[in-house]
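Here are my notes for you, set out as numbered points. Keep the structure open beside them and find each residue as you go.

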Amino acid sequence: MSTSRYVSVRPNNIPSDGKISFKNGFPVLSFTIQAQNGVLNPNSVRIAGKASFYKDNASPPTPILSADGNQVTMDNRLGIYNLWDQVIIRHNKSKQICEHIRHYPRYLSSYLALSSSKQDLMGHMGETNLIMPNADAFFEHVMVGNASDSTTNHFSCYLPTGFLRSGNMINLMDQSFGGIDIEIHLSPDQNALFSRTGSSTNILDAHYELEDLELTFEVSDVPPEEMSRLASQSQGSLSFNTIQTLYTSINSTNAQLQFNLGLKQVQSVFMNFCP
């Protein structure tokens, strides 16, 4: 009988002060799930940590307050996902890319709206992903929070990707699939943050910081009687629905868009626009 254990790993590229931000030159967040005698449940993979938001580059930086004239905020429908620009999943040994999702927030703005109820957005997704259905509540509880602790927000978000949501268990034994690298490209501060008043005055130095980051996941240990069978799985296939993104800009009132998907067995397509 196999036993499950919950594992947490630190980022591969964490700086000495433990804080990661795009402004300070750490645009990529990298984790590695090492090869081991176990089976990974990909649905259990989560990124946990604390997020802090500031309005300037003072020393120390100034937290965002409710009384500010230019109130810095983010998209309340995305929460912590505002900060993930791209998600890349690689095979640890060969470095072959299993899945690469670009423009991750644009994909999630459609996916989360269709797969989550209002109760989800007001309940556990507000606790785990910092998502709220109301922009005013999001600003007060996420961006402002408690100024005495630097508006720190704890999160533990899952990653909606085809590879991690496939429902397939992944054999982490070195003779089989092996280890996995998960790479998150952070969004530039000016892409994630904006002013509630629509003015760019006094928000050019607004930024976010991440700390106490870890990747958590569930691994089922291989029982002795199954060891030889799983170790012999040195070849095969892992099927999952990958997510592809295409992006373009329109500078005309009568534009015609043509995309060559270059894909087969497409299940669904969605499109959205942003000014």
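**Notes on the fold**

1. Let's begin with a pair of strands. Strand S6 (residues 84–91) and strand S10 (residues 180–186) run antiparallel and are joined by seven bridges. For a spot to click on, take Arg90: its bridge partner in S10 is Asp181. Keep in mind that you're looking at a predicted model.

2. Now look at what else S6 pairs with. Strand S7 (residues 97–101) pairs with S6 too, again in the antiparallel sense, over four bridges. Two positions help you line the strands up: Ile89 stands opposite Glu99, and Ile88 stands opposite His100. The hairpin made by S6 and S7 has five residues between the strands, and Lys95 takes a positive phi there, near 65°.

3. Put those pairings together and you get a sheet. It's an open one of four strands, in the order S3-S10-S6-S7, with antiparallel pairing. The edges are strand S3 (28–33) and S7, each of which pairs on one side only. From one strand to the next, the twist averages 10°. As a bit of background, strands of a sheet pair through backbone hydrogen bonds, and they can do this parallel or antiparallel.

4. Is S6 mostly buried or exposed? Six of its eight residues are buried, so the rest of the structure largely encloses this strand. Arg90 is partly exposed, because its relative accessible area is 21% and the cut-off for buried is under 20%.

5. Next, the helix on the sheet. Helix H1 (residues 104–115) packs on the sheet and touches S6 and S7. The direction of H1 makes about 100° with that of S6. H1 has twelve residues and reaches 16 Å from its first C-alpha to its last, close to the 16 Å expected at 1.5 Å a residue.

6. Which residues of H1 are buried? They are Tyr104, Pro105, Tyr107, Leu108, Ser110 and Leu112. The cover over them includes S6 and S7, along with helix H3 (124–128) and strand S8 (153–158).

7. On to the charged pairs. The structure holds seven salt bridges, and I'd start with Asp212 and Lys50, whose side chains meet at 3.0 Å, N to O. Asp212 is in strand S12 (residues 207–221) and Lys50 is in strand S4, so this pair ties together parts 162 residues apart in sequence. Asp212 counts as partly exposed at 40% relative accessibility, whereas Lys50 is buried with a relative accessible area of 18%.

8. Go back to Arg90, since there's another partner to find. Arg90 forms a salt bridge with Glu183, with the closest N and O atoms 2.9 Å apart. This pair links distant parts of the chain, with Arg90 in S6 and Glu183 in S10, 93 residues apart. Glu183 is buried, at a relative accessible area of 17%.

9. Asp181 and Lys95 come up again as well. Their side chains meet in a salt bridge of 2.7 Å, N to O. Asp181 lies in S10 and Lys95 in the loop between S6 and S7, so the pair ties together parts 86 residues apart in sequence. Asp181 counts as buried at 9% relative accessibility, while Lys95 counts as partly exposed at 46%.

10. Time to look inside. How many residues does the largest nonpolar core have? It has 59, and those with the most contacts inside it are Ile47, Ile80, Tyr81, Trp84, Phe155 and Leu210. S12 supplies the largest share of this core, six residues. Try selecting Phe155: leaving aside neighbours within four places in sequence, its contacts include Ile47, Ile80, Trp84, Leu130, Leu210 and Leu213. Lys50, from the salt bridge with Asp212, is also among the contacts of Phe155.

11. One loop residue to finish. Gln71 sits in the loop between strand S4 (38–54) and strand S5 (72–73). Gln71 is buried, with a relative accessible area of 17%. Not counting residues up to four places away in sequence, Gln71 touches Ser66, Phe139, Phe194, Ser195 and Arg196.

Terms used
Residues are numbered from 1 along each chain as its sequence is written. This is a predicted model: local features need pLDDT of at least 70, side-chain atom pairs count only at pLDDT 80 or more; totals for chains, interfaces and linings use all residues. Side-chain values use heavy atoms; hydrogens and water are left out. Buried means under 20% relative accessible area, exposed over 50%, partly exposed in between (1.4 Å probe, protein chains only). Two strands pair if DSSP finds at least two bridges between them. Contact means heavy atoms within 4.5 Å. The expected span of a helix is 1.5 Å times one less than its number of residues. Axes are lines fitted to C-alpha atoms, for helices over the stretch in contact, and angles run from 0 to 180 degrees between N-to-C directions. A salt bridge is a side-chain nitrogen of Lys or Arg within 4 Å of a carboxyl oxygen of Asp or Glu. A nonpolar core is a set of buried Ala, Val, Leu, Ile, Met, Phe, Trp, Tyr and Cys residues joined through side-chain atoms within 4.5 Å.
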